[in-house]
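Let's work through a few exercises together, with the model on screen. Each one has a task and a stepwise solution.

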Amino acid sequence: MKYYFAPMEGITGWVYRSAFHRHFGPADQYFTPFLSPGADRCFTSRELAQILPEHNQGMETVPQLMTRNSEDFIWAARELQQMGYNEVNLNLGCPSGTVVAKGKGSGFLGLPEELERFLDTVFDAAPCAVSIKTRLGLREPEEFGPLLALFQRYPLAELIVHPRVQKDMYKNTPRRAYFARALADSPFPVCYNGDLYTVPALEAFQAEFPAAERIMLGRGLAGDPALARKAEGGPAAGREELRAFHDQVYEGYAGAFGSRRNAMLRMKEVWFYLIHLFGDSQRHAKAIRKARDTGEYESAVAAVFRELELLPELRPEW
């Protein structure tokens, strides 16, 4: 099985990816949080930091692009190809209301004729391989049938299916029957993404879909960085290992942001997921969340590693 680390805005930036790769990797592929190429034909400094080759050394990294303008997509793909990237990923999955209102992310799924023209242009001119990460549709899962038929007309490097619709956001149960259809009928590799948080869940998925060879993990790896390793028979995350991982991410953010306070604020997003790997953590989670300065934050983190027991499996409560 191949395991991919999903793009998660605010979590899986280059600092986090580097630390994960060192302590728990390698993932088979890492996907960057989406870049938004525009008519100005330049990446922002924030976006550039995500894709600089020196920030992705030794990692199989796939930049993700989100746009509904084919020329902007092709420009970005060319720039990334010149930087050494062999594949780019089109984001058709982001469910954010502000994104969808612009017809981007999963909002683009509600514009099938425009999407077809976009893909025609992209696959005529893209300088590198193109994969797609998609939801089933905008409002109803039945939208996926025509969308899948459209995708199957193009030489995708891969189709990553998150079997929810946009209006689900991250609620409701993923509709795996639609993933099964894509897996069975597609001429390109198909990857599954959605609600796999523990080794038993991964084992049950593989028993249900023995032909599946690729899984993208997002919240599962953010909560239990050793999840993919455990699924392959490796050890669970240890206390000292997790502490070293935390410290590298924290110090990396402090250096990248030029501010330990800003690093603390970003680490609170990391702990939103990671705290669920520790038992009886409600009080400690609140202390991290309420920390007003770096001293309070560092004391709260020290208490987590000193006082709490690690659970054998993640207990997601998001």
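**Exercise 1.** Find the order of the strands in the open sheet, and name its edges.

*Solution.* Following the sheet across gives β3-β2-β1-β9-β8-β7-β6-β5-β4, 9 strands with parallel pairing. At the edges lie β3 (61-62) and β4 (64-65), each with pairing on one side only. Strands here are DSSP E runs of at least two residues, helices are H or I runs of at least four, and both are numbered from the N terminus; two strands pair if DSSP finds at least two bridges between them.

A word on the source: this is a predicted model, where local features need pLDDT of at least 70, side-chain atom pairs count only at pLDDT 80 or more, and totals for chains, interfaces and linings use all residues. Residues are numbered from 1 along each chain as its sequence is written, and side-chain values use heavy atoms, leaving out hydrogens and water.

**Exercise 2.** Look at β1 and β2: over how many bridges do they pair?

*Solution.* Strand β1 (residues 2-5) joins strand β2 (residues 29-31) in the parallel sense over 2 bridges. Next, locate Y4: Q29 in β2 stands opposite.

**Exercise 3.** Place L314 and decide: buried or exposed?

*Solution.* Start in the segment after α14, where L314 sits. Its relative accessible area is 4%, so L314 is buried (under 20%; exposed is over 50%, partly exposed in between, with a 1.4 Å probe and protein chains only). Then check T198: 116 residues away along the chain, yet its C-alpha atom is 6.3 Å from that of L314. Finally, list contacts (heavy atoms within 4.5 Å): beyond four places in sequence, L314 touches residues including Y197, T198, R219 and Y273.
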